[in-house]
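Subject: Structure handover

Hello,

Here is the structure I promised to pass on. Please open it first, then read the notes below.

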Amino acid sequence: MTHWKRQRDEILFSLLEQFDKQKKPFLIFSNSFVEVNLITASLRSKFPDLTENSIKAIGMNLSITNLKTELMDYTKFELLILSSQMALAAFVHGFIKVQDFSVLCFSDARGANQNHPFCVIMNNFYTPLRFQELWKPRIIGFAELKSLKDIEADMFSRREWIMTLKHYTHTFHSVPSA
């Protein structure tokens, strides 16, 4: 496991230790089916009290009918871990709703661009809620970037780009809950 993934897991553990005060499920998105299993195993090793009734992980590629069945009572779980493809399908078909979660966590946002499922979810299912009087979950995203010293040492780097990276490596974006 890489250094930044260990840091990500430690932050997730810290968030989940405070999580028992929440009334809504915590949703973790992963880029791959394999990563869903790794995150689930990591969380279960840290929190052995997470039972089959408190955590739901969907990493495999399911048909829409099976996905609907798996997510029938998703709000009863404390923690839901989905691959980005399964999460996007679940939002598109209305099986899950953004406002039903306390936190949306993007476990690895590297390479997430305009058409990536993470961006599609945020643009089409989260952003429209910002002017509505509905509960809005907190957002947290993790990404690995080059070290700033490496970027600054590169003679081809532009100053504006470095300042942008400094901003994103020190900031988590979220909106206050309603």
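Along the sequence, the chain reads α-β-α-β-α-β-α-β-α-β-α-α. That comes to seven helices and five strands. One caution before the details: this is a predicted model.

**Whole chain**

The chain has 178 residues, and 41% of them are buried. Its exposed surface is about 10700 Å². Carbon and sulfur atoms supply 54% of that surface. Take the contacts between residues at least 6 apart in sequence: 71% of them join residues at least 24 apart.

**The sheet**

The five strands form an open sheet. Their order is β2-β3-β1-β4-β5, and the pairing is parallel. At the edges are β2 (55-58) and β5, each of which pairs on one side only. On average, neighbouring strands are turned by 15 degrees against each other, direction ignored. As background, strands of a sheet pair through backbone hydrogen bonds, either parallel or antiparallel.

Start with strand β4, residues 103-106. V103 and C105 point one way from this strand. L104 and F106 point the other way. All four residues are buried.

β4 has strand partners in β1 and β5. With β1 (residues 26-30), the pairing is parallel and runs over four bridges. F26 stands opposite V103 in β4. The bridge partner of F29 is F106. With β5 (residues 138-141), the pairing is again parallel, over four bridges. There, L104 has I139 as its bridge partner.

Helix α2 (residues 33-46) lies across β1, β2 and β3 (79-83). It runs at about 155 degrees to β3.

**The aromatic residues**

How many aromatic pairs are there? The count comes to six. One of them is F29 with F91, a tilted pair. The ring centres are 6.3 Å apart, with 40 degrees between the planes. This pair links distant parts of the chain: F29 is in strand β1 and F91 is in helix α4 (residues 84-92), 62 residues apart.

Are these residues buried or exposed? F29 has 0% relative accessibility, so it counts as buried. F91 has 4% relative accessibility and therefore also counts as buried.

F29 pairs with F118 too. The ring centres are 6.1 Å apart and the planes stand at 50 degrees, so this pair is tilted. It also links distant parts of the chain: F29 in β1 and F118 in helix α5 (residues 117-126), 89 residues apart. F118 is buried, with a relative accessible area of 4%.

Which residues make up the cluster? F29, F91, F106, F118 and F125 form one aromatic cluster. F106 is thus a familiar name: it is the bridge partner of F29, and it is buried in β4.

**Helix α5 and its cover**

In α5, the residues P117, F118, C119, I121, M122 and Y126 are buried. What covers them? The cover includes β1, α4, β4 and β5. As a general point, an α-helix has 3.6 residues a turn, so residues three or four places apart point the same way.

**S84**

S84 lies in helix α4. Why does S84 count as buried? Its relative accessible area is 2%, and the cut-off for buried is under 20%. A polar contact of 3.4 Å joins its side chain to that of Q85. Leaving aside neighbours within four places in sequence, S84 is in contact with S30, N31, H116, P117 and F118. Two of those residues, P117 and F118, are among the buried residues of α5.

**Where to look first**

I would begin at F29. It sits in β1, has 0% relative accessibility and belongs to the aromatic cluster. From there, go to F106 in β4, its bridge partner. Then follow the ring pair to F118 in α5. End at S84 in α4, which is in contact with F118.

Best wishes

Technical notes
Residues numbered from 1 in each chain as written. Predicted model: local features only at pLDDT ≥ 70, side-chain atom pairs only at ≥ 80, totals over all residues. Heavy atoms only, no water. Buried < 20%, exposed > 50% of the residue type's maximum accessible area, 1.4 Å probe, protein only. Helix = DSSP H or I, 4+ residues; strand = E, 2+ residues; numbered from the N terminus. Pairing = 2+ DSSP bridges. Contact = heavy atoms within 4.5 Å. Areas by Shrake-Rupley, 256 points an atom, 1.4 Å probe, with all protein chains shown as cover. Axes fitted to C-alpha atoms, helices over the stretch in contact; angles between N-to-C directions. Phe/Tyr/Trp six-rings, centres within 6.5 Å; stacked < 30°, edge-to-face > 60°. Polar contact = N/O pair within 3.5 Å; in protein donor to acceptor, adjacent residues only side chain to side chain.
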